[in-house]
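Here are a few notes to keep beside you as you look through this one for the first time. They go point by point, so feel free to follow along in the viewer.

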Amino acid sequence: MNYRFQNLLGAPYRGGNVVITQNTQLISPVGNRVSITDLIKSQTITLPLQSSSNIRRIAASPDGTFLLTVDENHRCHFINTARRVILHRINFKNTVNAVKFSPDGKFIAVAAGKLVQLWRSPGFKKDFFAFELVRTIADCEDTVTAIDWSLDCKYLLVGSKDLSARLFCVEKLKDGILNKPFLFLGHRDNVVGCFFGYDKKNTNKVSKVYTITRDCYIFSWGYSGNNDGNFDENDGGISEPAFPGTPERDGEGNMDSGSVGTVKKRKDFDGKDEGYLHKEKWELLRKDGFMQSPAKLTACDYHRGLDMVVVGFSNGVFGLYQMPDFVCMHLLSISREKITAAVFNEIGNWLTFGCAKLGQLLVWE
């Protein structure tokens, strides 16, 4: 007899991150499979696909059409969610700790070890090798733990275990401008999450950056204006004096043997101020603690429309905070086990928490 797989019985969650698409579709990994739960109809289906090992990370395209899964063996599947079929496959060389689609769905940022790789997102057409590597960012000194895209897809915010966060410009800059990242320093523990904050009047304009660390602190960084096209001694646009006979390195690590000597300051580029975020002035506005010691912060998410932050801790407590004033809206305990996932839906009216040890998913309205 021919038996066809219909659904998976048992716990709905066993570790990894979860995502919510179309405001109501909750997608979570269950071992080496993926389950989709309709929060309105309270129905769950499991895709008839499986990986070779447990799935570590998943990411969904902005429209919910495509799903990307990465397992513990670094094997990635690119899935058509509606058809429930695997379109493409690829293997990464290092452990993937974060993966995220760009807001326009054209690119995928993958944190593989210390590297951040930008891949062009495949489509429905058949290609010999669908994944195209656009750029590799190798500026981090330790494992990358968090990634966030800006709405215009021009900037990438990266947090890592080297106690810092970096702001990268994805676009190729003009000749003469070094594409070095801006560093957000001062953290005492690993960066668990980093997020762009936006102006309330102009929702597409980046005005803030939030970095959240494992030792239960949140750092609020403010955009304090531009440099009017000038670079000072501490600016990333000024490189160190070169030794005789030593080629220069640009911001992407490429060798440039044509430039020797000391790089001069450029007071103005074509008489215009480009306004690159990673070249401007950022300052620490405030540092707030969640007061959950000795527990560690294990999961977090940010909703840019509501300007709210949700955090989960290793003692089973989660908190909801209104930013930028850091007002505690709710502080509740789910269990005594570590919260491994916390995520908003697109509108922000539902919160989803995951506890891997208990195999539970909690949706809080």
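1. Let's begin with a cavity. The residues lining the second largest cavity split into five nonpolar, five polar and one charged. Please keep in mind throughout that this is a predicted model.

2. How many cavities of 30 Å³ or more are there? The count comes to two. The second largest cavity has a volume of about 60 Å³. Its lining includes Asn-32, Arg-33, Val-34, Leu-47, Leu-49 and Gln-50. Further along the chain, Ser-51, Ile-55, Thr-69, His-77 and Ile-79 also line the second largest cavity. Two elements, β3 (33-38) and β7 (75-80), are the ones that give two or more residues to that lining.

3. Next, have a look at a hairpin. Strand β5 (residues 55-60) and strand β6 (residues 66-71) run antiparallel and are joined by five bridges. If you would like one pair to click on, Arg-57 in β5 has Val-70 in β6 as its bridge partner. Five residues sit between the two strands of this hairpin, and Gly-64 in the turn has a positive phi of about 80°. You may recall Ile-55 and Thr-69 from the cavity lining above.

4. Now to an open sheet. Which strands form it, and in what order? Four strands take part, in the order β13-β14-β15-β16, and the pairing is antiparallel. The edge strands are β13 (144-149) and β16, each of which pairs on one side only. From one strand to the next, the twist averages 20°.

5. Walking across that sheet, β13 and β14 run antiparallel and are joined by five bridges. Here Asp-148 stands opposite Leu-157 in β14. Strand β14 (residues 155-160) is in turn joined to β15 by five bridges, and these two strands also run antiparallel. Leu-157 turns up again at this step, with Leu-167 in β15 as its bridge partner. Finally, β15 pairs with strand β16 (residues 182-184) in the antiparallel sense over three bridges, and there Leu-167 has Phe-182 as its bridge partner. To trace the path in the viewer, follow Asp-148 to Leu-157, Leu-157 to Leu-167 and Leu-167 to Phe-182.

6. The link between β14 and β15 deserves a look of its own. These strands form a hairpin with four residues between them, and Leu-163 takes a positive phi near 65°.

7. Is strand β15 largely enclosed or open? Five of the five residues of β15 (residues 165-169) are buried, so the strand is largely enclosed by the rest of the structure. Ala-165, Leu-167 and Cys-169 point one way from β15, while Arg-166 and Phe-168 point the other way. Both sets are buried, Arg-166 included.

8. Two other buried residues are worth a visit. Ser-28 lies in strand β2 (residues 25-30). Since buried means under 20% relative accessible area, Ser-28 counts as buried at 1% relative accessibility. What does the side chain of Ser-28 reach? The backbone oxygen of Pro-12, at 3.2 Å.

9. The other one is Val-191, which lies in strand β17 (residues 191-198). With a relative accessible area of 1%, Val-191 is buried. Although Val-191 and Lys-161 are 30 residues apart in sequence, their C-alpha atoms are 6.2 Å apart in space.

Technical notes
Residues are numbered from 1 along each chain as its sequence is written. This is a predicted model: local features need pLDDT of at least 70, side-chain atom pairs count only at pLDDT 80 or more; totals for chains, interfaces and linings use all residues. Side-chain values use heavy atoms; hydrogens and water are left out. Buried means under 20% relative accessible area, exposed over 50%, partly exposed in between (1.4 Å probe, protein chains only). Two strands pair if DSSP finds at least two bridges between them. Axes are lines fitted to C-alpha atoms, for helices over the stretch in contact, and angles run from 0 to 180 degrees between N-to-C directions. On a 1 Å grid over the protein atoms alone, a cavity is a set of points where a 1.4 Å probe fits but cannot get out, and a pocket is an open set with protein on both sides within 12 Å along at least five of seven lines; lining residues have an atom within 4 Å of a point. Grid points are joined across faces, edges and corners, and a volume is the space filled by probe spheres set on the points. Ala, Val, Leu, Ile, Met, Phe, Trp, Tyr, Cys and Pro count as nonpolar, Asp, Glu, Lys and Arg as charged, and the others, Gly among them, as polar. A polar contact is a pair of N or O atoms within 3.5 Å; within protein, one must be able to donate a hydrogen and the other to accept it, and residues adjacent in sequence count only if both atoms are side-chain atoms.
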